[in-house]
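Me: Please give me a close look at one part of this model. Start from a single side-chain contact and work outward. Keep the cut-offs explicit.

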Amino acid sequence: MTTTAGIPPAPAPARRSWLRDHSELGVCVLLLALGALVLTDALTMDVDIAQRGPVGPRTVPVGVGTGLLLIAALLAVDVLRGGRGQAETGEDVDLSEPADGRTVLLLAGVFLGAAVLIEPLGFPVAGALLFWGAAFALGSRRPDRDPLIAAVLSLVTYAVFNNLLGVPLPGGPLMGVL
């Protein structure tokens with residue numbers, strides 16, 4: 001569209017440019033919505049406080065939701081004052097190299113295998129296979145050390161969740177032993 005004198009019309013309004021310059025505010029809105037959702041879910045959770053004590057299942061979600069709201073507010077203030085995020089430089093990423101699909105597929109298979117095996121074998125065995133398989137998929141080739149570390153890590157995780165936190169995990173055949 002041109003005017004009668006052949007001069008193009010004025011550029012788009014300054015509003016579009018302002019929104020482009022402050023696009024990080026979209027992240028603030030996302031963090032605000034996520035924080036409100038987490039807080040709403042945490043505060044409407046049906047929990048008997050006498051049964052759980054002062055630190056119960058609401059404590060961490062309330063802290064996370066409050067933190068999300070605080071970060072959203074601080075980021076919004078920074079953006080409105082002229083702060084801008086730095087572009088990713090990708091210093092350790094070589095974009096000319098193809099993606100490592102083998103590692104991704106191995107990790108996906110290990111996670112799927114652990115999900116299938118957790119009921120029949122229990123968490124200690126399935127967890128050990130998960131940790132060992134993930135280490136193998138990510139490049140560790142120490143057959144003398146990796147299974148031992150995986151077993152210890154799995155047993156410690158099982159003990160912490162089952163005994164200290166009161167979150168029952170399937171024990172499988174080892175239920176009577178642990």
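Reply: **A charge over a ring, and the helices to look at with it**

The charged end of R141 sits over the ring of F136, at 3.9 Å from the ring centre. The criterion is NZ of Lys or CZ of Arg within 6 Å of the ring centre and within 35 degrees of the ring normal. Aromatic pairs are another matter: the structure has zero of them. Such a pair needs ring centres of Phe, Tyr or Trp (its six-membered ring) within 6.5 Å, with planes under 30 degrees apart called stacked, over 60 edge-to-face and the rest tilted.

A word on conventions. The model is predicted, so local features need pLDDT of at least 70 and side-chain atom pairs pLDDT 80 or more, while totals for chains, interfaces and linings use all residues. Numbering runs from 1 along each chain as its sequence is written, and side-chain values use heavy atoms, with hydrogens and water left out.

Now the frame. The chain has seven helices and zero strands. Helices here are DSSP runs of H or I with at least four residues, strands are E runs of at least two, and both are numbered from the N terminus. Of the chain's 178 residues, 20% are buried. Buried means under 20% relative accessible area, exposed over 50%, and partly exposed in between, with a 1.4 Å probe and protein chains only. The accessible surface is about 13200 Å², and carbon and sulfur atoms hold 68% of that. Areas come from the Shrake-Rupley method with a 1.4 Å probe; for residues, only the protein chains shown count as cover. Among contacts (heavy atoms within 4.5 Å) between residues at least 6 apart in sequence, 61% join residues at least 24 apart.

Take α6 next. Its 15 residues reach 20 Å from first C-alpha to last, close to the 21 Å expected. The expected span is 1.5 Å times one less than the number of residues. The buried residues of α6 are F123, P124, A126, G127, A128, L130, G133, A134 and A137. They pack against α5 and α7.

L130 deserves a stop. It lies in α6 and counts as buried because its relative accessibility is 17%. Setting aside residues up to four places away in sequence, L130 touches V110, F111 and A114. L117 is 13 residues from L130 along the chain, and their C-alpha atoms are 9.8 Å apart.

T103 belongs to helix α5, residues 101-121. T103 is buried, as its relative accessible area is 15%. With the same sequence exclusion of up to four places, T103 touches A137 and L138. After α6 comes G139, with a positive phi near 115°.

Then α7, residues 146-164. At 1.5 Å a residue its 19 residues should span 27 Å, and its end C-alpha atoms are 26 Å apart, so the two agree. Its buried residues are D146, A150, S154, T157 and Y158. They cover an arc of only 100° around the axis, and therefore sit on the same side of α7. The arc is taken from the directions from the helix axis to the C-beta atoms. These buried residues pack against α6, residues 123-137. On the other side of α7, L148, N163 and L164 are exposed. G166 follows α7, and its phi is positive too, near 75°.
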